[in-house]
Protein chains: 2
Amino acid sequence: MKEHGHHHHPESMLSVEQAFARILAFFNVLEVEERPLLEAVGQVLADDAVSPFDIPPLANSALDGYAVQASSVRDASPASPVVLKVVGSVSAGELPRDKVGPGTAVRIMTGAPVPPGADAIVGFEDTDETDRKRNGKVRMDEVAVRVAVETGNAVRPAGQDVAKGERVLEAGVPLRAAEVGVLASMGFARVNVFRRPIVSILATGDELVQPGESCPPGSIYNINSFSIASAVQRAGGVPKLLGIARDNLESLQQKIGEGLDADMLITTAGVSKGDYDIVKDVLAQRGKIELWSVRMRPAKPLAFGVLRGPQGRQVPHLGLPGNPVSALVAFEQFGGPAIRKMLGLKLLQYPTIEAVLEDPIHNADGRRVYARVVVTKRDGAYHARLTGHQSSNLLTSMARANGLAICPEDLPVKKAGEIVKVQMLDWPAEVF
Amino acid sequence: MKEHGHHHHPESMLSVEQAFARILAFFNVLEVEERPLLEAVGQVLADDAVSPFDIPPLANSALDGYAVQASSVRDASPASPVVLKVVGSVSAGELPRDKVGPGTAVRIMTGAPVPPGADAIVGFEDTDETDRKRNGKVRMDEVAVRVAVETGNAVRPAGQDVAKGERVLEAGVPLRAAEVGVLASMGFARVNVFRRPIVSILATGDELVQPGESCPPGSIYNINSFSIASAVQRAGGVPKLLGIARDNLESLQQKIGEGLDADMLITTAGVSKGDYDIVKDVLAQRGKIELWSVRMRPAKPLAFGVLRGPQGRQVPHLGLPGNPVSALVAFEQFGGPAIRKMLGLKLLQYPTIEAVLEDPIHNADGRRVYARVVVTKRDGAYHARLTGHQSSNLLTSMARANGLAICPEDLPVKKAGEIVKVQMLDWPAEVF
């Protein structure tokens, strides 16, 4: 097929927004799966969580103290304490065995159910509790109360936290520690969440060798499989590493075949204009592939297609540039958001902040520039400093960065001192 | 031992900073372990990463084009192209088979090594490459060059990215996608990182039942094991769930014993002043335990100790309050930072931002208040809104929050409209 050249691959020049919209349109939230609570952290709740009971289930004490009738201690004061008869005690986890009536009290611990008849709690500090202990007084069948309390004092009503049938968490909420705690409080040991996407990752190229192997002259290590797999994990996907496909029909067909049992196939290299056609041809045999020029730097060349997976399933394919910085920047713009959409998250892109730019960003050819920067905070303002040379083959510049400063496509330069928008790669989108 | 009361447990009133300093002093970075690259994401590099070779290893082409001697095309222009003899071709991953001399060229692809003799690259767009293709001209043994180029044009020198022996990543760096890519580029398939801490988590209380089980009247579900385990994971630790210990000697001794094969033991409930002494007593049998009152709300009662683990190992013990909001807030202040320190991270606490407070925070008793808020960004400023009632038994208020707004201990109220510091629970500390 090689002699056909590029003519069977449609190509077009797209803005970042156009590329984003076209790619994201192919992704949908994945199926619901039931998972043990602790294995669902970071996934998104698929159903509203409705409380099966009141929380707390019974009115209970907010203090360590005595359950009383407020009317019994109406006249109590430090000068003339009211002495009540202690008819029992109740701890958290117990059910009250004793009733409270006029002139009587039940000793009660925080969280314990309020005994029938009682309508208020008096804390130990407002009784002679500690004095009796200190004085070695062992008579436990009475207590002197030194204050009057209102009806309901230190009583947590049943259902105060959550009423039975109340929607406590909405479908679409990502599960963090607090949400997991709320689900546990309702007795849910398992939870329905949207499944995590499986993302196949294939590096292509005769020159690549795997880290850990020896690297003969003319070869280079496969970087992209590892950086993209890490980024897939961080975005919430499950990477499936296919290794390296060689630039021949058999190797490519085999590896791409293995990769279609997934929710997305990411390839690196082999799909820009200047490349040999072999990768493009094998992809085209499996479905549709479009080669795009996206108005961005780095990562102008991008491929996107839909391939036929097993059982007629459509598998979106994202073809990233071979250059490691370009591949990672393009992944963060398009691949990460696709994974977040499949996970059921609502915010797909990294949050941006505004920072004072400390070095100029030059824009020679009308593309949107994503410059690697370190953002720091000084005197209440964010400052963005370039992480050295912005050549797209310097992955070390990406290692030092915590954000990508954006020079718009219509500006020839963003000058030092100007305010620049910075995409914060380390911030969760949920923050804003 | 119950009759001893609290007298054998020293108690003191501490500021948040004092509690933080005392707790963190007991933790150190853990041992180094060697891990496969992709399993080390999120851990911290234990050794400087030094490049074993130049990257790129050979001078290579930054363009698809022709490798030439710049002097051969000195007089080339669109009007009078210079025709060179094409003596061979080289792709990325190949070693050059042919030499370039005066008047000759080698066809070269991006990333391919520059052939001996060549000192510059001319891109396809500055030759008749595409014209020849378009016209079906099959003569591939010559190329017309339309521009003069400088020596070194589009040649990436060997070592441009990284020189052999150069320190590329410093020990102490957390591994993200870019760092993993940099390590892969140097051929490292495995990497030395600091081990992740194992954190045992034990809920205590006769009233607790596990989620998924039925909950008889007077009982409540065990929330803390699940919310704290999720928070431990998020902080980078490996939770080890011990389940629930009942308030009796045998159950507590057994569970605490199981939990000492870890880098930290976290218990919830059972260690504040009002609680029965059984948990405190069993902990004291195993080592040292201090009961603190920390000047904070929620989470005033806190226990900290050091227990004897197997082989005489010292296991720090953090005793959190039983209340789920208090437990989670205290964990985030003290437990999360302890885990981060063991992981080798330098920044231990959550980053704070300044926001306009939209609801007042009241401070009745001179404690530092951590109020659950949702921070949003409007008109370039952060705004912090309370997530409803701040009662410490409303875990749902924590579920909606993305930050904790801080009212200092010496202010009776932080008013709506004032600027408040907010600890951002969802932000990685590495950001600033």
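The paragraphs below go through a predicted model of two chains, A and B, from domains and sheets to the contact between the chains and some backbone details. Residues are numbered from 1 along each chain as its sequence is written, chains are lettered from A, and ligands are numbered from 1, in the order in which they are written. Because the model is predicted, local features need pLDDT of at least 70 and side-chain atom pairs count only at pLDDT 80 or more, while totals for chains, interfaces and linings use all residues.

Chain A is assigned domain 1 (2-30 + 196-343), domain 2 (34-55 + 166-194), domain 3 (60-156) and domain 4 (352-431); such bounds come from an automatic or database domain assignment. Between domain 1 and domain 2 of chain A, the C-alpha centres lie 35 Å apart. Five residues of domain 1 of chain A and four residues of domain 2 of chain A make up the contact, where two residues are in contact if their C-beta atoms, placed from the backbone, lie within 7 Å. On the domain 1 side of chain A there are three nonpolar, one polar and one charged residues. In this classification Ala, Val, Leu, Ile, Met, Phe, Trp, Tyr, Cys and Pro are nonpolar, Asp, Glu, Lys and Arg are charged, and the others, Gly among them, are polar.

Next come the sheets. In chain A, an open sheet of five strands has the order β8-β5-β7-β6-β9, with mixed pairing. Strands (E, at least two residues) and helices (H or I, at least four) are DSSP runs numbered from the N terminus, and two strands pair if DSSP finds at least two bridges between them. β8 (120-123) and β9 (142-145) of chain A have a single partner strand each, so one side of each has no neighbour in the sheet. Inside the sheet, β6 (residues 82-90) and β7 (residues 104-108) of chain A run parallel and are joined by five bridges; S89(A) stands opposite R107(A) there.

Chain B has an open sheet of five strands in the order β8-β5-β7-β6-β9, again with mixed pairing. Its edge strands are β8 (120-123) and β9 (142-145) of chain B. Strand β5 (residues 65-68) of chain B is antiparallel to β8(B), with four bridges between them, and A67(B) has I121(B) as its bridge partner. At the other edge, four bridges join β6 (residues 82-90) of chain B to β9(B) in antiparallel fashion, with L84(B) partnered by V143(B). Side chains alternate along β9(B): V143(B) and V145(B) point to one face and are buried, whereas E142(B) and A144(B) point to the other and are not. A residue is buried if 20 or more other C-beta atoms lie within 10 Å of its own, exposed if 12 or fewer, and partly exposed in between, with C-beta atoms placed from the backbone.

Where do the chains meet? In total, 72 residues of chain B are in contact with 73 residues of chain A. Elements giving two or more residues to the chain B side include β11 (167-169), α4 (224-235) and α7 (324-343) of chain B. The largest share, eight residues, comes from α3(B). By class, the chain B side has 40 nonpolar, 19 polar and 13 charged residues. Helix α3 (residues 177-185) of chain B has nine of its nine residues buried, and just after α3(B), G187(B) takes a positive phi of about 90°.

I220(A), in strand β15 (residues 220-221) of chain A, counts as buried because 21 other C-beta atoms lie within 10 Å. Not counting residues up to four places away in sequence, I220(A) touches E207(A), L208(A) and P56(B). P56(B) follows a cis peptide bond from I55(B), with omega about -5°, and lies in the loop between β3 (49-50) and β4 (60-61) of chain B.

Most residues other than glycine have a negative phi, and most peptide bonds are trans. A second cis peptide bond joins R297(B) and P298(B), with omega about 0°. A269(A) has a positive phi of about 75° although it is not a glycine, and counts as buried because it has 28 C-beta neighbours inside 10 Å. D379(B) also has a positive phi, near 50°, but counts as exposed because it has 6 C-beta neighbours inside 10 Å.
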